[in-house]
Amino acid sequence: MKKIYLDNAATTPLRAEVIQSMLDVLENDFGNPSSTHSFGRTAKNKIETSRKTIAKYLKCSAQEIIFTSNATEATNWILNQLIEYKDVKRIITSKIEHHATLYTINHLLQQHNIEVVYLTILPNGAVDLDQLEKLLENTVKTVVSLMHVNNEIGTVLDLQRVSKLCLQNNCYFHCDTVQSIGKTLFDLNELTIDFLVASAHKFHGPKGVGFAYINKKNYLNPMLYGGEQEKGLRAGTEATHQIVGMAKAIEIANENIEKEQKYISELKDYCLTQLKLNFDMLIINGENTFYNIINVTLPFDESKTSMILFNLDIKGIAVSRGSACQSGSIKPSHVLAEILVKENLNKPSLRISFSHYNTKNEIDYLIDVLAQMIQ
Ligand code: PLP
């Protein structure tokens, strides 16, 4: 049976060059980067070169990149630090953030005397930035935590506007860029953002490695104590092969960004056209969405909701559903819950997310299988 992977917002296959770069390190550069002999120095050199590569593509300074095990770790660290040590009293966020942000904020809310404000989500899936602007007139010390590209519906935050508002109002801006780094160009010389987070496995790199960008005007305390690694901010022997793999992945992604973006955008348009042709009453969730994500509610009976992913999986197709089945009951996606009326929320929704490895033939197969299911 052919297998089709259309779940690239969940994770991405590694590029061959990334695997090779990691294998090279595993075979040859096993030294502890903290050792002063040549084995250690070579490994350390690889890490610092990787840091420079990432900084080059984000247009920031290498010192502003701190390696972590993933974006979740980076977000936990940053938000915890701001509340515990930077006297932040208010978090402005939205209910469509990833759980890495939402659950961290819930935890902070229980532990500290802070206020959390959730911005309104407009029917098109965008965050209400006029509301943000008004809220920022209040001078309470604030962090704005908003994601760049939503991982479920693909809506895109206006980074220019939010970063400018935060700068003007002297508040911190933490941005979850997990779905956009490696897929769009960044220029951190132009954008004033305090904190960004990323995970390599979302841009064809390895799992278990990511980074935080900490704008040099900010100082954070260590997240882990025990050594001088990562400027003493995250102690523990570095995973050289993971870091090198991540840098390779960001390098190839950025060098091919225009070509791959064009290819993937065409695939997305093709898929949307086919979906609309085949399914009347299809609902497209989110407007002006990122070029690799489609989220649709299918005009199928509610009874199909619980089985749709399973049935697609049997046919070899991997996509995500906008609803998560928990303990045998269907729990609607917290993101779709913000934009869909209840009746539609119970219908099957799919998130289809592409990479440059996908083809039109795969989309035809997906449409055929879905069309059979509706009958
Ligand atoms: N933020 C977004 C938007 C995501 O899509 C994800 C992963 O799905 C995360 C954060 C968490 O990433 P990780 O599990 O790699 O830490």
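**Strand E3 and its partners**

I started with the pairing of E3 and found 5 bridges joining it to strand E4 (residues 115-119), with the two strands running parallel. Note to self: this is a predicted model. I picked Ile-92 to check the register, and its bridge partner in E4 is Val-117.

Next I looked at how the chain gets from E3 to E4. E3, helix H4 (residues 99-111) and E4 make up a β-α-β unit, and its hand is right.

I then checked for pairing with strand E5 (residues 142-147). E3 pairs with E5 over 3 bridges, in the parallel sense. Here I took Ile-91, whose bridge partner in E5 is Val-143.

How many residues of strand E3 are buried? I got 5 of the 5 in residues 90-94, so the strand is largely enclosed by the rest of the structure. I wanted this split by face, since side chains in a regular strand alternate between the two faces of the sheet. One side of E3 carries Arg-90, Ile-92 and Ser-94, the other Ile-91 and Thr-93, and every one of these is buried.

**Salt bridges**

I moved on to charged pairs and counted 14 salt bridges in the structure.

I pulled up Arg-351 with Asp-7, where the closest N and O atoms are 3.1 Å apart. What does this pair tie together? Arg-351 sits in strand E15 (residues 349-353) and Asp-7 in the loop between strand E1 (4-5) and helix H1 (16-28), so the bridge links parts 344 residues apart in sequence. I checked accessibility too: Arg-351 and Asp-7 are both buried.

Then I went to Arg-15 and Glu-260, which meet in a salt bridge at 3.0 Å, N to O. Arg-15 is in the loop between E1 and H1 and Glu-260 is in helix H8 (residues 257-278), so this pair ties together parts 245 residues apart in sequence. I found Arg-15 buried, and Glu-260 as well.

Last, I looked at Arg-51 and Glu-48, a salt bridge with its closest N and O atoms 2.8 Å apart. Both residues lie in helix H2 (residues 38-58), 3 residues apart, which is about one turn of the helix.

Are Arg-51 and Glu-48 buried or partly exposed? With the buried cut-off at under 20% relative accessible area, Arg-51 counts as buried because its value is 8%. Glu-48 comes out partly exposed at 24%. I followed the contacts outward from here and ended up with a salt-bridge network that links Lys-44, Glu-48, Arg-51 and Glu-230.

Terms used:
Residues are numbered from 1 along each chain as its sequence is written. This is a predicted model: local features need pLDDT of at least 70, side-chain atom pairs count only at pLDDT 80 or more; totals for chains, interfaces and linings use all residues. Side-chain values use heavy atoms; hydrogens and water are left out. A salt bridge is a side-chain nitrogen of Lys or Arg within 4 Å of a carboxyl oxygen of Asp or Glu. Helices (H or I, at least four residues) and strands (E, at least two) are DSSP runs, numbered from the N terminus. Buried means under 20% relative accessible area, exposed over 50%, partly exposed in between (1.4 Å probe, protein chains only). Two strands pair if DSSP finds at least two bridges between them. A crossover is right-handed if, with the strands pointing away from the viewer, the path from the first strand over the helix to the second runs clockwise.
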